[in-house]
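Please look over the structure below before reading on. A short report follows it.

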Amino acid sequence: MRKWMLALAVTGALGTAAGTAQANEVAVLDWQQALLQTSSAQQSMNQLKNQLGSQQKQVKALGEEVQKLQQRLQSNGDVMSDSERQNVMQQLRQKGGQFQQQRGQLEQKRAQQEQAFLKQARPKLDRAIEQVVKRHNVDVLVDRNSVIYAGDALDLTQEVTQTFNSLN
């Protein structure tokens, strides 16, 4: 009889815990998407494109030159003289090195700008998340990318973006 009462008590406690877990509000958020969709992020990305546009064009042109040299070497390498082949290979090494260096600098500048934006926007994003969580009485907020499945009704990403945009 004691075992049966103990089992009943444990079952009741588990049922209460499960009921409590169900009463808690759980939601998901893709904070990166929420941030990237904000008007601030759009302005920042446009500004970044304008700042780095000419440098991007240079890197792209240099990459195209490298590809042309590679194609030239592949298609005509057999019929080139040794000095001509050496010259093309030297140009390829030189332009390839320039391409790698400039592309690395461009990526570094882009990463620095994105990091600066994130640092500036993070407090505002935190306030937006806090407001939305309070509005929906959310007890647990999970990163959308860490969840295997969540219904659309649980996703607060759009609302966080809208709240972010409305904050001064």
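The report covers the fold, the nonpolar cores, the salt bridges, the largest pocket and one loop residue.

## Overall make-up

The model is predicted. Its protein chain holds 5 helices and 2 strands. Read from the N terminus, the order of elements is α-β-α-α-α-β-α.

The chain has 168 residues, and 26% of them are buried. Its accessible surface is about 12000 Å². Carbon and sulfur atoms account for 51% of that surface. Take the contacts between residues at least 6 apart in sequence: 81% of them join residues at least 24 apart.

## The largest nonpolar core

In soluble globular proteins, nonpolar side chains tend to be buried together. Which residues touch the most other members of the largest nonpolar core here? They are L35, L125, I129, L156, V160 and F164, out of 17 residues in that core. Four elements give two or more residues each: β1 (25-29), α2 (31-36), α4 (82-135) and α5 (157-166). The most comes from α4, with 7 residues.

L35 shows how these parts meet. Neighbours within four places in sequence aside, L35 is in contact with A41, F117, L118, A121, L125 and F164. Two of the partners, L125 and F164, are named with L35 among the residues that touch the most other core members. There is also a second, separate core. This second core has 12 residues, including L52, V59, V66 and V88.

## L156, a core residue in a loop

Where does L156 lie? L156 sits in the loop between β2 and α5. L156 is nevertheless buried, because its relative accessible area is 7% and the cut-off for buried is under 20%.

Residues up to four places away in sequence are again left out of the contact list. On that basis L156 touches A27, V28, L29, V132, H136, V138 and L141. One of these partners, L141, is 15 residues from L156 along the chain. The C-alpha atoms of L156 and L141 are separated by 9.2 Å.

## Salt bridges

Side chains of opposite charge can pair when their charged atoms come close. The structure holds 8 salt bridges. One of them joins E65 and K95, with the closest N and O atoms 2.9 Å apart. E65 lies in helix α3 (residues 39-76) and K95 in helix α4, so this pair ties together parts that are 30 residues apart in sequence. Both ends are partly exposed: E65 has a relative accessible area of 34%, and K95 has 23%.

Two other salt bridges lie within helix α4. R110 meets E107 at 2.8 Å, N to O. R110 and E107 are 3 residues apart, about one turn of the helix. E107 is partly exposed, at 41% relative accessible area. D126 meets R122 at 3.1 Å, N to O. D126 and R122 are 4 residues apart, which is also about one turn of the helix. D126 is partly exposed at 34% relative accessibility, and R122 is partly exposed at 36%.

## The largest pocket

The largest pocket has a volume of about 320 Å³. How many residues line this pocket, and which of them lie nearest its centre? The lining has 15 residues, with L36, A41, M45, E114 and F117 nearest the centre. The elements that give two or more residues to the lining are α2, α3 and α4. The largest share, 6 residues, comes from α3.

The pocket lining and the surroundings of L35 have residues in common. A41 and F117 lie nearest the pocket centre along with L36, M45 and E114. A41 and F117 are also contacts of L35.

## A positive phi at N137

Most residues other than glycine have a negative phi, and most peptide bonds are trans. N137 has a phi near 55°, a positive value in a residue other than glycine. N137 is found in the loop between α4 and β2 (138-143).

Is N137 buried or exposed? N137 is exposed, because its relative accessible area is 56% and the cut-off for exposed is over 50%.

Conventions:
Residues numbered from 1 in each chain as written. Predicted model: local features only at pLDDT ≥ 70, side-chain atom pairs only at ≥ 80, totals over all residues. Heavy atoms only, no water. Core = buried A, V, L, I, M, F, W, Y, C linked by side-chain atoms within 4.5 Å. Buried < 20%, exposed > 50% of the residue type's maximum accessible area, 1.4 Å probe, protein only. Contact = heavy atoms within 4.5 Å. Areas by Shrake-Rupley, 256 points an atom, 1.4 Å probe, with all protein chains shown as cover. Salt bridge = Lys/Arg side-chain N within 4 Å of Asp/Glu carboxyl O. 1 Å grid on protein atoms, 1.4 Å probe; cavity = no way out; pocket = protein on both sides within 12 Å on 5 of 7 lines; lining within 4 Å. Points joined across faces, edges and corners; volume = space filled by probe spheres on them.
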